[in-house]
Amino acid sequence: QVQLQESGGGLVQAGDSLRLSCAASVRTFTMGWCRQAPGKEREFVAALGGSFGNVDYADSVKGRFTISTDDARRTLYLHMDRLKLEDTAVYYCALYRGPMSRLSHNYDYWGQGTQVTVSS
């Protein structure tokens, strides 16, 4: 059974930084982060995949968020800088056996999520 465990969420002020972690029980081709704000659909945030660790970001976080993994690709990180109020959401770690994708419904395995709340 595939297990994903996120950690690192919390309450921060706008402009602060935060790092999320996700421990995965398996390794897949693509690893990613998605988020869901209250009343909104789940949306893609960032992905990392392929033999060379290619990365992709949603336009809304590009330049502020950085996705990375450990050497074994069993722990996924999301470093978030210059957080904004609109970054408030539950952040989910997800794994996909296929190539890089921005489509959250493509992802095969999901964590339980970790809450990130940005206050003014």
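A residue counts as buried when its relative accessible area is under 20%. The views below show a predicted model.

**Figure 1. A salt bridge joins R35 and D87 in the predicted model.** The side chains of these two residues meet with a nitrogen-to-oxygen distance of 2.9 Å. R35 belongs to strand β4 (residues 30-36), whereas D87 lies in the loop between β8 (75-80) and β9, so the pair ties together parts that are 52 residues apart in sequence. R35 has a relative accessible area of 5% and is therefore buried. D87, at 1% relative accessibility, is likewise counted as buried.

**Figure 2. D56 and R102 are paired in a salt bridge.** The closest N and O atoms of the two residues are 2.7 Å apart. D56 is located in strand β6 (residues 54-57) and R102 in the loop between β9 and β10, so this contact ties together parts that are 46 residues apart in sequence. D56 is partly exposed, at 22% relative accessibility. R102 is also partly exposed, with a relative accessible area of 39%.

**Figure 3. D108 and R97 form a salt bridge within the loop between β9 and β10.** Their side chains meet at 3.2 Å, N to O. Both residues lie in the loop between β9 and β10, and they are 11 residues apart. D108 is partly exposed, its relative accessible area being 28%, while R97 counts as exposed at 56%.

**Figure 4. Salt bridges with shared partners build a network.** The residues joined in this single network are R35, E43, R64 and D87. The count of salt bridges comes to six, among them the pair of R35 and D87 shown in Figure 1. In general, side chains of opposite charge can pair when their charged atoms come close.

**Figure 5. Y96 and Y107 form a tilted aromatic pair.** A search of the whole structure finds three aromatic pairs. In the pair of Y96 and Y107, the ring centres are 5.5 Å apart and the planes make an angle of 45°. Y96 lies in strand β9 (residues 89-96) and Y107 in the loop between β9 and β10 (109-110), so that the pair links parts of the chain 11 residues apart. Both tyrosines are buried.

**Figure 6. R42 is placed over rings of the aromatic cluster.** Ring pairs link Y92, Y96, Y107 and W110 into this cluster. The charged end of R42 sits over the ring of Y92, at 3.9 Å from its centre. R42 also lies over the face of W110, 4.4 Å from the ring centre.

Note on methods
Residues numbered from 1 in each chain as written. Predicted model: local features only at pLDDT ≥ 70, side-chain atom pairs only at ≥ 80, totals over all residues. Heavy atoms only, no water. Phe/Tyr/Trp six-rings, centres within 6.5 Å; stacked < 30°, edge-to-face > 60°. Helix = DSSP H or I, 4+ residues; strand = E, 2+ residues; numbered from the N terminus. Buried < 20%, exposed > 50% of the residue type's maximum accessible area, 1.4 Å probe, protein only. Lys NZ or Arg CZ within 6 Å of the ring centre and 35° of its normal. Salt bridge = Lys/Arg side-chain N within 4 Å of Asp/Glu carboxyl O.
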